[in-house]
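Work through the exercises below with the sequence and the model side by side, trying each task before reading its solution.

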Amino acid sequence: MTSAYLAENNWKTIKDQDIELVILPWGATEAHNYHLPYATDNYQVEAISGAAVQKANEQGAKAIVLPAIPFGVNTGQQDLKLTINFYPSTQTKILGDVAESLSRQGIRKLLIMNGHGGNDFKQIIREVNVRFPGMLICTSSWFKLSDRDRFFEAPGDHADESETSLMMYLRPDLVLPLSEAGKGESKSFRLEAFNEGWVWAERKWSQVSKDTGIGSPYLASAEKGREFFEYLVEQYSQFVLQLSKLDLDEGLFE
């Protein structure tokens, strides 16, 4: 293949290509503080997916990255201008159509690379997989990988130091100077059980953060972004290689 991205290949290249694993990046279109672009989640998840698959294929994997789905679940941000929401029911239909297409073509492994905290594919996969029991459909969110404390000092989960650093490295042309960024200060729940995580409720974004950021971006740097990106690519390339080589006929469990 000429590229890890399906969008950059052509039929002449693909028609005789053996594909074992398909990666579907799934992001969102939403405000990211004042300094990051609306498509931050999409740029990040596409870059991580493509670089990881490229590295895995060089080691013998047979994987390819589909075009990213640019809209995610943003029900808590509907009052923020031009934030676009897909309901989980919409995502279920889209994933079902993608899975059906791959299943008909004999491709049995699908990895959803999630780039947006509002997306949660577990229940969706349960529903879709019943229709295609011969497939392995799995999902991973890059921001849930461990060891983030090795790279960043300020905690946060939206337009924070980590996301800002990644975008400074991946798309510096789209990042405003940090002097124009909001502080990323956010409110906590009044009831501690929600803050501890053993009770959950959706965050209403405009009530939580004035600038839509959660976590200070001011310690971000392109160098931190590069180091973190290389870490993510290494982790995912090894998993893509393993998943590509996995023989589903022998089962998923030992």
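The exercises that follow deal with the core, the salt bridges, a charged patch and two backbone angles.

This is a predicted model, in which local features need pLDDT of at least 70 and side-chain atom pairs count only at pLDDT 80 or more, while totals for chains, interfaces and linings use all residues. Residues are numbered from 1 along each chain as its sequence is written, and side-chain values use heavy atoms, with hydrogens and water left out.

**Exercise 1. The core**

Find which residues have the most contacts inside the largest nonpolar core, and which elements give two or more residues to this core.

Solution. Begin with the term: a nonpolar core is a set of buried Ala, Val, Leu, Ile, Met, Phe, Trp, Tyr and Cys residues joined through side-chain atoms within 4.5 Å. Here buried means under 20% relative accessible area, exposed means over 50%, and partly exposed lies in between, with a 1.4 Å probe and protein chains only. The largest such core has 30 residues, and I23, W142 and F228 have the most contacts inside it. Two or more residues each come from β1 (21-26), α2 (40-58), β2 (63-65), β3 (109-114), β4 (136-141) and α8 (222-245); these helices (H or I, at least four residues) and strands (E, at least two) are DSSP runs numbered from the N terminus. The largest share, nine residues, is given by α8.

**Exercise 2. Salt bridges**

Work out how many salt bridges the structure holds, and where the partners E161 and K224 lie.

Solution. Side chains of opposite charge can pair when their charged atoms come close. A salt bridge is counted when a side-chain nitrogen of Lys or Arg is within 4 Å of a carboxyl oxygen of Asp or Glu, and the structure holds 17 of them. In the pair of E161 and K224, the closest N and O atoms are 2.7 Å apart. E161 belongs to helix α5 and K224 to helix α8, so this pair ties together parts that are 63 residues apart in sequence. Both E161 and K224 are buried.

Next take E100 and R131, whose side chains meet in a salt bridge at 3.8 Å, N to O. Because E100 lies in helix α3 (residues 88-104) and R131 in helix α4 (residues 122-131), the pair ties together parts that are 31 residues apart in sequence. E100 is partly exposed at 25% relative accessibility, and R131 is partly exposed at 47%.

Finally, E223, R226, E227 and E230 are linked in a network of salt bridges.

**Exercise 3. A charged patch**

Identify which residues gather in a patch of positive charge on the surface.

Solution. Lys and Arg count as positive, and a patch is made of residues with over 30% relative accessible area and no salt bridge, like charges being joined within 9 Å. The residues that gather in this way are K183, K187, R190 and K210. One of them, R190, sits in the loop between α5 (161-170) and α6 (192-196), and R190 is exposed, with a relative accessible area of 85%.

**Exercise 4. Positive phi**

Decide where N33 and A159 lie, and whether each is buried or exposed.

Solution. N33 has a phi near 55°, a positive value in a residue other than glycine. N33 lies in the loop between β1 and α2 and is buried, at 7% relative accessible area. A159, also not a glycine, has a positive phi of about 55°. A159 is found in the loop between β4 and α5, where A159 is buried with a relative accessible area of 0%.

Technical notes:
Patches are made of residues with over 30% relative accessible area and no salt bridge: like charges are joined within 9 Å, nonpolar side chains (Val, Leu, Ile, Met, Phe, Trp, Tyr) within 5 Å. Accessible areas come from the Shrake-Rupley method with a 1.4 Å probe; for residues, only the protein chains shown count as cover. The place of a charge is taken as NZ of Lys, CZ of Arg, CG of Asp or CD of Glu.
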